[in-house]
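Student: I've got a model open and I'd like to go through the labels people put on it. Can you show me how each one is earned?

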Amino acid sequence: MLLRVRVTLPDRPGALGQVARTLGVAGADIVQVIVLERLGGRAVDDFTVVWPGASRVERLLAGLAAIPGVQVDGVWKAIGAPVNGGHDAELLAQVAANPADGLATLVDAVPGLLAADWAAAAVVPADWAARSGAPRPLPAEPMLSMHDDATVVYASWRAPGPLQLPEITPLRARPITSAEGTRYAVAPFGRAGLVLVVARSDDDDLPAAGFHITEVDRVAQLVRAAAVILGDRLDTAGVPAVM
């Protein structure tokens, strides 16, 4: 299976190689490394590895924890093959080529780009969070109850149903961790209360990492570009069609 392993390590020569060797000794086959941050003598790296399904991840974690200065920030299952540079531009080209399905195309693609579990586009009333201090369930069917609750416009494969969102108003791009531990990245389209929500959850005792600020920025850039491409189509995304 594919795993994403997020590690904070000293930003010094040899540290990355030491982590890579430890992963290899534990049985992990590295297929991708993404540097998320280099700041203040520390680096945050995401490793995508092929991990033998029969092996216990505790062995991997123990090996990394034994390296001086290394901290494991999360380990979670990655869905699909890792993606390389250029996929964001390719995705936006697909959105522009078929704007009628552009929002669905974006929502379906984002989980794979960010090693996330699922994504959804929802219309969120401006005062939604002020109405209740607790998360509110979203309707199981799209385009319902727009004026009282957040409304699912489109959800990707693997999205749970009915969806439940944390408080995400006022809308701005940021990471959020819910009370039950689900990690979210949210980014508003800037039109009609529409927001993209991307989620990661713990699975099989694997502690998923929260969304790094660079990942949130990536989602926000995709959303902003898609909003320019789709334009007025987004204003009616949550409005029921007149039969």
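Tutor: Let's take the sheets, then the helices, then a few local details, bearing in mind that this is a predicted model.

Student: What makes strand 5 and strand 7 a pair?

Tutor: Two strands count as paired with at least two bridges between them. Strand 5 (residues 118–123) and strand 7 are joined by 4 bridges, so they qualify, and they run antiparallel. For one example, Ala-121 has Tyr-154 in strand 7 as its bridge partner.

Student: Which strands make up the sheet that holds those two, and in what order?

Tutor: There are 5 strands in an open sheet, ordered 7-5-11-10-9, with antiparallel pairing. Strand 7 (151–155) and strand 9 (174–177) are the edges: each has a single partner strand, so one side of each has no neighbour in the sheet. From one strand to the next, the twist averages 30°.

Student: How do you know which helices sit on that sheet?

Tutor: Look for heavy atoms within 4.5 Å. Helix 4 (residues 102–113) lies across strand 5, strand 7 and strand 11 (194–200), at about 145° to strand 5. Helix 5 (residues 213–230) also packs on the sheet, where it touches strand 9, strand 10 (183–188) and strand 11, and its direction makes about 35° with that of strand 10.

Student: Now the other sheet. What is its strand order, and which strands are at the edges?

Tutor: This open sheet has 4 strands in the order 2-3-1-4, with antiparallel pairing. Strand 2 and strand 4 (71–77) are at the edges with a single partner strand each, so one side of each is left without a neighbour. Direction ignored, neighbouring strands here are turned by 15° against each other on average.

Student: What makes strand 1 and strand 4 partners in that sheet?

Tutor: Same test: at least two bridges are needed. Strand 1 (residues 2–10) and strand 4 have 6 bridges in the antiparallel sense, so they pass. Thr-8 stands opposite Gln-71 in strand 4.

Student: And how are strand 2 and strand 3 connected?

Tutor: They form a hairpin with 2 residues between them, and Gly-40 in the turn has a positive phi of about 60°. The antiparallel pairing of strand 2 (residues 29–39) with strand 3 (residues 42–50) has 9 bridges, and Gln-32 is partnered with Thr-48 in strand 3. Helix 1 (residues 15–26) lies across strand 1, strand 2 and strand 3, running at about 25° to strand 3.

Student: Why are helix 3 and helix 4 called roughly antiparallel?

Tutor: The label applies to angles over 145 degrees. The axes of helix 3 (residues 87–97) and helix 4 cross at roughly 160° and come within 9 Å; that angle is over the cut-off, so the two helices are roughly antiparallel. The crossing is right-handed.

Student: Which residues make that contact?

Tutor: From helix 3 you have His-87, Asp-88, Leu-91, Gln-94 and Val-95, and they meet Gly-102, Thr-105, Leu-106, Ala-109 and Leu-113 in helix 4. By class, that's 5 nonpolar, 4 polar and 1 charged.

Student: How do you know what to call helix 4 and helix 5?

Tutor: Their axes come within 11 Å and cross at roughly 165°. With the cut-off at 145 degrees, that makes helix 4 roughly antiparallel to helix 5. Gly-102, Leu-103, Leu-106, Val-110 and Leu-113 of helix 4 make the contact with Arg-218, Leu-222, Ala-226 and Leu-230 of helix 5. The split is 7 nonpolar, 1 polar and 1 charged.

Student: What makes Asp-88 and Arg-218 a salt bridge?

Tutor: The cut-off is 4 Å between the side-chain nitrogen and the carboxyl oxygen. In this pair the closest N and O atoms are 2.7 Å apart, so it counts. Asp-88 lies in helix 3 and Arg-218 in helix 5, so the pair ties together parts that are 130 residues apart in sequence. The structure holds 10 salt bridges.

Student: What is unusual about the backbone at Pro-162 and Arg-158?

Tutor: Most residues other than glycine have a negative phi, and most peptide bonds are trans. The bond from Gly-161 to Pro-162 is cis, with omega near -5°. Arg-158 isn't a glycine, yet its phi is positive, about 80°. Pro-162 is in the loop between strand 7 and strand 8 (164–165), and Arg-158 is in the loop between strand 7 and strand 8 as well.

How values were computed. Residues numbered from 1 in each chain as written. Predicted model: local features only at pLDDT ≥ 70, side-chain atom pairs only at ≥ 80, totals over all residues. Heavy atoms only, no water. Axes fitted to C-alpha atoms, helices over the stretch in contact; angles between N-to-C directions. Parallel < 35°, antiparallel > 145°, perpendicular 65-115°, else oblique. Left-handed = near helix turned anticlockwise from the far one by under 90°. Nonpolar A, V, L, I, M, F, W, Y, C, P; charged D, E, K, R; others polar.
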